[in-house]
Every structure is written in structure tokens, then in C-alpha cells.
Amino acid sequence: MAKNVIIALDFPAKNETLAFLDQFPADEKPFIKIGMELFYAEGPQVVRDLKERGHKIFLDLKLHDIPNTVKRAMSVLSRLDVDMVNLHAAGTSGMMKAALEGLTRDDGTRPLLIAVTQLTSTAPDALKEELLIHTPMPETVLAYAKNAASCGLDGVVCSPMEAALVKEKCGQGFCTVTPGVRFAGGDVGDQKRVMTPEQAARNGCDYIVMGRPITQAPDPVSAYRQALREFLG
Ligand code: C5P
């Protein structure tokens, strides 16, 4: 698995997204993440357009539904020729296995399939009082990750702080995709527990997802190259 920096393109529409990407030289094509906002605003065509421009794409739509629906939706996403997609591990093993089947193309290839364990926005109190899960958060996250691994998924989205433990428990080949990465001395924004790209690499992260430290930087291309240098060494 090739370690990489993924830029979160959290822009509301295609115009802003292209204006951002146009700052990069024609031969420099960052791995990008398209989330719900851009996808719902522009539809699947924005994915085709960005793929056409030569980018690898993580389509971050976090699917969660009955197995048959997720299988069919994954098959549609797979035809968009994206490189990575995700779902909620809370959909349980039936849904995760169906997702893998739907994703697999006729030639046997498929995008990487990554699970969200518990959203980082879910507080421990809500886990217990609203979701009625009485196992502490770190154990819950790890149990969901192990379940995803045993269903054949490729990895999980997790905090860089959890990456080493996830790999220890789920296998070194199980990918960790980690948001919450900031440059030393940078603005942490609404992220609570952050690591620098260099620390994330040392902690076993395979893909770091960075949004605002790159998209809002005065010089985004330099910020992206700095992230690559620090992360890949
Ligand atoms: O701007 P920033 O670097 O914080 O962006 C991080 C990206 O990763 C955003 O697209 C955010 O939605 C996503 N993300 C996250 N925390 C999670 C899951 C996804 O920050 N637990």
C-alpha cells in the first residue's frame, strides 16, 4: 500500500474546487477526497471530471443501509473508477461483505474499502446514553475495526493517535486513514487531538487526510509539498 497525503476538498461547488486545483502544475496530481457536500451539490459528474484530470479519489460518502442497497450503491460508485470509498462499520458484517461484493468489478479489481468505526464527533456520553453502547469508546472503536478487518475490508478511518494500536490489533497490512493532521504551530481549528504529518508517519498512518492546513494556506501548493515531505520523509 502506497502511503500518501490526501487533500480534503471541502468546497461547496465545482468552480471553487477547480480554482483550487488549478494552482497545481499540470504534472502534479494530489490524491483528493470528495465528501458529501461537493458530491451532493454537483453529482457524480464532478467525480468523473476530477478523475479525468488525473487525480486519485477517495469518495467519502460513508454508506450505511441494508446490505442489498449498499451493495448496489457500491457497484455504482465502483463504476466511477474511484480509488477509495467508505461505509459505517455499524452496518455490521452483512452490510460490509455485501459492499465488497458490489464494489468488485468484473475484472476483479475494486477501490479500497475503508470503515468508519465511531464518528469522532460522538462523545462517550452519547455512546452510552443514546446509542446504548456500554463498552468504552477505545474498545468499541477497536472491536469495530477488527470486525471490518475480518470481513475483508482494507482499513479504517481513525485518529492518528489510534493508528498504531489499530495496526497492532488488525494487522500491519490493514490501512489507517487519518484526519486530524496539522503542521507544527498551525491552527488546529475544530480538531481536538492532532498530530503533525511526521508524527502521523511514525505512528503507523498510511494515508493522512488534510483539509484546511492545505486548502486555506496562503500558498496551498507549498503546504501540500511540505505535508508530503514531512509524511513520506
Ligand atoms: O480541514 P481538516 O484537515 O480538519 O479536514 C479533515 C477532513 O477529514 C474533513 O473533510 C473532515 O470531514 C474529515 N474527517 C474528520 N474527522 C473524522 C472523519 C472525517 O476530520 N473523524
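Which residues are around the ligand? The views below take up this question for a predicted model, in which local features need pLDDT of at least 70, side-chain atom pairs count only at pLDDT 80 or more, and totals for chains, interfaces and linings use all residues. Residues are numbered from 1 along each chain as its sequence is written, and side-chain values use heavy atoms, with hydrogens and water left out.

**View 1. The shell around the ligand.** Ala-8, Asp-10, Lys-33, Thr-120, Pro-179, Arg-182, Gln-191, Val-209, Met-210, Gly-211, Arg-212 and Pro-213 surround the ligand, where a residue counts as near if one of its heavy atoms lies within 4 Å. Sorted by class, this shell holds five nonpolar, three polar and four charged residues; Ala, Val, Leu, Ile, Met, Phe, Trp, Tyr, Cys and Pro count as nonpolar, Asp, Glu, Lys and Arg as charged, and the others, Gly among them, as polar.

**View 2. Oxygen atoms of the ligand beside Lys-33, Gln-191 and Gly-211.** A polar atom in the side chain of Lys-33 lies 2.9 Å from a ligand oxygen atom. For Gln-191, an N or O atom of the side chain is 2.8 Å from an oxygen atom of the ligand, while for Gly-211 a polar backbone atom is 2.8 Å from a ligand oxygen atom.

**View 3. The lining of the largest pocket.** The lining comprises 46 residues, and those nearest the centre of the pocket are Thr-120, Ser-121, Pro-179, Gly-180 and Gln-191. A pocket here is an open set of points on a 1 Å grid over the protein atoms alone, where a 1.4 Å probe fits, with protein on both sides within 12 Å along at least five of seven lines, and lining residues have an atom within 4 Å of a point. By class, the lining has 22 nonpolar, 13 polar and eleven charged residues.

Key. A polar contact is a pair of N or O atoms within 3.5 Å; within protein, one must be able to donate a hydrogen and the other to accept it, and residues adjacent in sequence count only if both atoms are side-chain atoms.
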